[in-house]
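Colleague: I would like to go through the pocket and the sheet of this model. Please keep the answers short.

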Amino acid sequence: MKRKDLLGLYDLSAEEIGEILSVGLNMKKLLRQNIKKLPHLMGKSVTTLFYENSTRTRCSFELAAKYMGAHVVSLSVATSSVQKGETLVDTGKTLDAMMNDVIVIRHPMGGAPRLLAKTVKAHVVNAGDGMNEHPTQALLDMLTMRERWGDIAGKTVAILGDIGHSRVAKSNLFGLTKLGATVRMYAPRTLMPTGLERMGAKICSSREEAVEGADAVMGLRIQLERQHAGNFPSLGEYAAYYGVDDGVLKYAKEGALVMHPGPVNRGVELTSSLIDGKESVIEDQVLSGIAVRMAVLFLLTKEEIA
Ligand code: CP
């Protein structure tokens, strides 16, 4: 991969995605052997800069960088000079001046990582920007699928939930369609943005239609922090009419993967029995998350090491 930054899957070719997944699969094999000391980022500095909460993405980027020998700084926005009014660009320039090599950024404003990438020398990795993209989440989802299926082309993935606010849904749509999969989507009308069909999604009018014959069923978190009143009546009604339970999953292919990016609202997007059931790969998605982030950090910085 020959690019300075990873800002979204909209920008990436199928070949670039394939390269990340191939390296990620190798990293995952090493992690399964409990190998957590690799030289790929030795001498490099990685800073995580999160303007929004995170458990999985932040921890896995930091562990990925540490497992490959990088110096890792976790810049806590709540206690940084951002609180004194320092801009994102000035924060980035300050990190550049400290000879930092990679900035991993999560920001509530779509486009913030792109703005940062234009103004800093460091590699910038988008760890989720507003309602725009979450590229490494989609990459880890695809890594989980590819490990099980071998090939993603020809498969059908049903994505159900809060599509409107979901950067995960958009990155998966871009990535999965580039690799030849069919992406079906289903959400309350109030949480389904227009224009997704033009981007390659098949918009469905019922849960059953979305899930029928699918190879994977992905629930999306209801983003309570981004809701405006009136998008749906209550969480109970959302679960009853838009959530996935055993009855809905029966429409999918035998052995279909049950997926969720996390954090999950148990009993809302998916029932607890599905989250903890034998088809669930939610915990494996978390392991894929470290592997794919190791691959991304390595591929972005490797030219300098060679
Ligand atoms: N899936 C995801 O982005 O989780 P976190 O918000 O915990 O990072």
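Colleague: By class, how many residues in the lining of the largest pocket are nonpolar, polar and charged?

Modeller: This is a predicted model. The lining of the largest pocket comprises 20 residues, with Arg106, Arg167, Arg221, Gly262 and Pro263 lying nearest the centre. Divided by class, that lining holds four nonpolar, nine polar and seven charged residues.

Colleague: Where does the largest pocket lie with respect to domain 1 and domain 2?

Modeller: The pocket has a volume of about 420 Å³. Helix H2 (56–67) and helix H6 (167–178) are the elements that give two or more residues to its lining. Domain 1 (14–133 + 286–305) and domain 2 (135–281) both contribute lining residues, so the largest pocket lies between them.

Colleague: Which strands stand at the edges of the four-stranded open sheet?

Modeller: The order of the open sheet is S2-S1-S3-S4, with parallel pairing. Each edge strand has a single partner strand, so one side of each lacks a neighbour in the sheet; the edge strands are S2 (71–76) and S4 (123–129).

Colleague: By how many degrees are neighbouring strands of this sheet turned against each other on average?

Modeller: The sheet has four strands, paired in parallel. With direction ignored, the average turn between its neighbouring strands is 15 degrees.

Colleague: Which residue in S3 is the bridge partner of Thr47?

Modeller: Strand S1 (residues 45–50) runs parallel to strand S3 (residues 102–107), and five bridges join them. In S3, the bridge partner of Thr47 is Ile103.

Technical notes
Residues are numbered from 1 along each chain as its sequence is written. This is a predicted model: local features need pLDDT of at least 70, side-chain atom pairs count only at pLDDT 80 or more; totals for chains, interfaces and linings use all residues. Side-chain values use heavy atoms; hydrogens and water are left out. On a 1 Å grid over the protein atoms alone, a cavity is a set of points where a 1.4 Å probe fits but cannot get out, and a pocket is an open set with protein on both sides within 12 Å along at least five of seven lines; lining residues have an atom within 4 Å of a point. Grid points are joined across faces, edges and corners, and a volume is the space filled by probe spheres set on the points. Ala, Val, Leu, Ile, Met, Phe, Trp, Tyr, Cys and Pro count as nonpolar, Asp, Glu, Lys and Arg as charged, and the others, Gly among them, as polar. Domain bounds come from an automatic or database domain assignment. Two strands pair if DSSP finds at least two bridges between them. Axes are lines fitted to C-alpha atoms, for helices over the stretch in contact, and angles run from 0 to 180 degrees between N-to-C directions.
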